Amino acid sequence: MNRRGFLKLAATGAVGASIVELESCKSPQGNAAGKNAAPDRVEIASTCDMCLNKCSLIAVVEKGVVKKLNPNPLNPKSRGMLCARGNAGIQQLHDPARIKRPMIRTGERGEGRWKSVSWDEALDYTAQKLAAVKDKYGPEGTLWSSSEGFQEEFFRNLSQAFGSPNTVRHPTLCLASVNLAYSLTYGTVPGFDVQNARYIIMSGANRLESFITPDTMALVDATTARKAKLVYLDPRFTKTASKADEWFPIRPGTDAAFILAMLNVIISENRYNKDFVSTYCYGFEQLAEHVKQYSPDWAAEETQIPAKDIQHIAREFADAAPRAIYYAGRRSSWSTDDFAMRRAQAILNAIVGSWDRLGGMVPAAKIELGELLYLPWDDPKASRVDELDKNFPLAAKNDGVYLKLRENVLAGKPYPIKAWMVYKQDPVNGIPEQEKTLQMLRQMDFVAVIDVQMSDTAWYADVILPESTYLERLDPIEMQAGIRPVVLLRQPVVKPLHDTKPCLEIVQGLAKRLGLSDYFDYTMEKWVAEQAKTLPMELPLEYLKKHGVYSPPEFPKYGMTLTHDHRFITKSGKIDLYSERLKDAGYDPLPVYHAPSKIPDGQFRVVLGRHAFYTHANNTNYPWLNSFSPENTLWLHPKPAHTLGISSGDTVEVASSVGVIKLKATVTPKIRPDCVFLQHGFGKRSSWQRLATSGGSDAEILETAWDKVSGGAAMHETMVKVRRV
Ligand code: SF4
């Protein structure tokens, strides 16, 4: 189907969605997903898995074939929305390049030669290899890496039952610095009430071009109706910038200076919320003293944003509070001081009292789910290979720190890692300094990948264990905490089209062969039934099967923590403006500004971004989506482009200290002259991802650098030379 046909189909889906909405409004107890279904046509409510946002969908299935995925308007988070990627979920199901059966490598790693095998053969082979590594190096000689997914828990449980301490998840390639900064300040990671805010500041949180979250829709509402003022800081003029009231092409790595100067203005002009600060915050006096050094004039030099603008934004922000938010966003770390910037944001929101109030930050509410009891395992005997206690004492233990872990594995310290199990993750294309990831793969005795598609990491595996797609499997029920918490069911809408299995069955197959069956003695159906038991309705599982989603009507709720006896889960029991916990761990208790490294003459700083059609490095090979953006290009400002003799469409070579890529140039004034930008997810090595092999992979040129406190990969620390070829 061509792009035009796809858009037409999406438009038809939107009409269909509004009919479903009307029907469900008339009869809330009725089956919104199947009222007039013909016998050979069913509509099944389920949950999208094309990104992490988990929107609710309704699959239209005719004679066992998925014809269309429509949005399910009963989910108050995704509302009546299923984005382009969500619509293209059908292409994941029918992808000709899907991994259709288990495979064992026959050629060299990365050569792309495989033989199809039975599940017994693949699982026997994997279990034997794992057992061999365990015999020689202990269970800690195995590494288990995974990304977020409804079945990820089973994969992690297998690693722990096996006895390995070395699980590593995606947060240090994602939100680790945000999560840690807010947890240390408030004891929790809050939601942002974008829908009701009247003043929003975003530092590079390119909400309109990344995942379509409820915040994206709220931002569209708020800015379209001009209910909220949006101030946007980004070295690029993004689509979010195009909707902003004010856009500042800030010098990358200086956002903390901007925020600290805002704190300076708000405190020195007595514009902070004194009642809120004295009742709920700890360490205001130290903060006030600390930010005296960060004047707007000083910040103007650092950020290249005029001092008068910093002042007016600070004043407007304080005046609009509590319906004013400095939005944290869903971004990876940018610099080695990213944590300090996130802490400064969290503190700024606190001192104007934008906490637990309409239009401010709101603690994420939860809904309790039942839990199936299973046999517990002993804690691993060895300590983690990334030595978190020593290197990142405050980082989340089970998530690990990816880049530090890779350094230690490459050095064989403190012990060797010889087997790597990967679930739903693509470290080869997703992590800076690809050559090091490839080296890490080369030194493994064994690599197995569980995935639905031939990722770049699968391309280098010894065994591929194909997972069924989200449209073919029953997943654990998922609770999504937030301002409006929801409970979601993902159920199969068709039977598996190929010889694939859900993750739990793959885990159970391995557990059986490794003598660990007792820990996984349950079925998915049992697991799900136990989870549903706590929901407040008769026949909760039937309810979820029918509607796909449950959302308690009493939310959003504001002010639940605004009582005098409320204790925040922080060291002081209040909102920690000054953090004793950070101090105890050897870090600055208040955010301290460190200027970013200088860009050498003739070089550029690389800035990264995502695209609303793609989820990280995924989805770039699905034709419906790829047709919108078939390759990535290097954005370059006209001034340096002129000096270098580069025009749009020219092929350029981009060289950093760790790698070289070639891709086409786009010459555009929508970027600072000292930066270049490229989109993530292209330049793939796996030739099964034919459409995504074009362009260049940022993983090849990005250097290894991490945020000092959270360990999050610092994505904007790389300088490159560019030349026309
Ligand atoms: S934002 Fe799009 S891809 Fe992500 S869950 Fe929602 S519909 Fe699916």
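A residue counts as buried when its relative accessible area is under 20%. Keep that cut-off in mind as you walk through this predicted model.

**Stop one: two cysteines.** Select Cys-675 to begin. Its relative accessible area is 0%, so Cys-675 is buried. Now jump to Cys-174, which is buried too, because its relative accessibility is 9%.

Stay on Cys-174 for a moment. Which cysteine sulfur is closest to that of Cys-174? Pick Cys-51: the two sulfurs are 11 Å apart, which is too far for a bond. A disulfide is a covalent bond joining the sulfur atoms of two cysteines. Searching the whole structure turns up 0 disulfides.

**Stop two: the ligand.** Cys-51 also belongs to the group of residues surrounding the ligand. To show the rest of that shell, add Cys-48, Met-50, Asn-53, Lys-54, Cys-55, Leu-82, Cys-83, Arg-85, Gly-86 and Ile-212. Colour the shell by residue type and you should find 7 nonpolar, 2 polar and 2 charged residues.

**Stop three: the domains.** Next, give each domain a colour of its own: domain 1 (19-93), domain 2 (103-147 + 368-550), domain 3 (176-363 + 561-584) and domain 4 (604-724). Then zoom in on where domain 1 meets domain 4: 8 residues from domain 1 and 9 residues from domain 4 make up the contact.

How much area is buried between domain 1 and domain 4? The figure is about 840 Å², with 64% of it coming from carbon and sulfur atoms. On the domain 1 side, select Met-50, Arg-85 and Gln-91, which lose the most area to domain 4 and together account for 59% of what that side buries. If you look for salt bridges between domain 1 and domain 4, the count is 0.

Definitions and conventions. Residues are numbered from 1 along each chain as its sequence is written. This is a predicted model: local features need pLDDT of at least 70, side-chain atom pairs count only at pLDDT 80 or more; totals for chains, interfaces and linings use all residues. Side-chain values use heavy atoms; hydrogens and water are left out. A residue is near a molecule or strand if one of its heavy atoms lies within 4 Å of it. Ala, Val, Leu, Ile, Met, Phe, Trp, Tyr, Cys and Pro count as nonpolar, Asp, Glu, Lys and Arg as charged, and the others, Gly among them, as polar. A disulfide is a pair of cysteine sulfur atoms within 2.5 Å. Buried means under 20% relative accessible area, exposed over 50%, partly exposed in between (1.4 Å probe, protein chains only). Domain bounds come from an automatic or database domain assignment. Contact means heavy atoms within 4.5 Å. Buried area is the accessible area (1.4 Å probe) that two parts lose on being put together, summed over both. A salt bridge is a side-chain nitrogen of Lys or Arg within 4 Å of a carboxyl oxygen of Asp or Glu.
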